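Colleague: Could you take a close look at one helix for me and walk me through what it packs against? I'd like the whole story in one go, with the surroundings included.

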Amino acid sequence: MAELDRVQVWAEALIRLHLDPLHGQGSWSFGFDHAKRRAGLCNYTDRRITVSRYLAAKFDDDEIHQILLHEVAHAIAGSEAAHGPKWKRVARELGYVGGRTHDGEIAHELAPWLGICPAGHEHAKFRRPSRETSCAKCSRSFSRSHLIVWRKR
């Protein structure tokens, strides 16, 4: 688990190193946000990189470092690059080894809706379920025999 103070220091160091105003990138800043499903964000308008405080507390140091590199690569490549070839090249040059998006754990313990299928698989949602859903672990397609029963936490 990464300590938030340390994450702040790493992020500010990466910003100074790669997004320094002397390199023509303008002034960038770092902060924590309250996201529960995404790990990081590069806000081009505010010139701000943020990381989820919830997920930063759950991930180990290497995972957080990779998230920071991912977002710094976005800042360098520019908004038009998205996750295309230019962003991939910049990310590789920075030492990023992950994929386009975060596929790790979410802050499911904060989700207000909990669901359980007949086989006992647990599911979490941050928004109230609007329709019947079945367990994808039990069946690849919708199946009434694998319906998830939702309850508010």
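Modeller: The buried residues of H3 pack against quite a list of elements: H1, S1, S2, S3, helix H2 (53–58) and helix H4 (85–94). Keep in mind that this is a predicted model.

Let's start with the helix itself. H3 covers residues 61–77, and 12 of its 17 residues are buried, so the rest of the structure largely encloses it. Going along the chain, the buried ones are Ile 64, Gln 66, Ile 67, Leu 68, Leu 69, His 70, Glu 71, Val 72, Ala 73, His 74, Ala 75 and Ala 77. You'll spot Gln 66, His 70, Glu 71 and His 74 in that buried set, alongside residues such as Ile 67 and Leu 68. The length works out too: at 1.5 Å a residue, the 17 residues of H3 should span 24 Å, and the end C-alpha atoms are 24 Å apart, which agrees.

Now for the sheet. H3 lies across S1, S2 and S3, and its direction makes an angle of about 20° with S2. Those 3 strands form an open sheet in the order S1-S3-S2, with mixed pairing. Strand S1 (29–33) and strand S2 (40–43) are the edges, each pairing on one side only. On average, neighbouring strands here are turned by 20° against each other, direction ignored. S1 pairs with strand S3 (residues 48–52) in the parallel sense, over 5 bridges. Within that part of the sheet, Phe 32 stands opposite Val 51 in S3.

Phe 32 has an aromatic partner as well. The whole structure holds 2 aromatic pairs, and one of them joins Phe 30 and Phe 32 edge-to-face, at 5.1 Å centre to centre with 80° between the planes. Both Phe 30 and Phe 32 are buried.

What about charges? The count of salt bridges comes to 5. One of them involves H3 directly: Arg 6 bridges to Asp 61, with the closest N and O atoms 2.9 Å apart. Arg 6 sits in helix H1 (residues 4–18) and Asp 61 in H3, so this pair ties together parts that are 55 residues apart in sequence. Arg 6 counts as partly exposed because its relative accessibility is 30%, and Asp 61 is likewise partly exposed, with a relative accessible area of 28%. Arg 6 also forms a salt bridge with Glu 3, the closest N and O atoms being 3.7 Å apart. Put together, Glu 3, Arg 6 and Asp 61 are linked in a network of salt bridges.

Another of the salt bridges takes us back to S1, the strand spanning 29–33. There Asp 33 pairs with Arg 38, again with closest N and O atoms 2.9 Å apart. Asp 33 is buried at 12% relative accessibility, whereas Arg 38 is partly exposed, at 31% relative accessible area.

So, back to your helix: H3 is largely enclosed, with 12 of 17 residues buried, it lies across S1, S2 and S3, and Asp 61 links it to Arg 6 of H1.

Definitions and conventions: Residues are numbered from 1 along each chain as its sequence is written. This is a predicted model: local features need pLDDT of at least 70, side-chain atom pairs count only at pLDDT 80 or more; totals for chains, interfaces and linings use all residues. Side-chain values use heavy atoms; hydrogens and water are left out. A salt bridge is a side-chain nitrogen of Lys or Arg within 4 Å of a carboxyl oxygen of Asp or Glu. Buried means under 20% relative accessible area, exposed over 50%, partly exposed in between (1.4 Å probe, protein chains only). Helices (H or I, at least four residues) and strands (E, at least two) are DSSP runs, numbered from the N terminus. Two strands pair if DSSP finds at least two bridges between them. Axes are lines fitted to C-alpha atoms, for helices over the stretch in contact, and angles run from 0 to 180 degrees between N-to-C directions. Contact means heavy atoms within 4.5 Å. Rings of Phe, Tyr and Trp (its six-membered ring) pair if their centres lie within 6.5 Å; planes under 30 degrees apart count as stacked, over 60 as edge-to-face and the rest as tilted. The expected span of a helix is 1.5 Å times one less than its number of residues.
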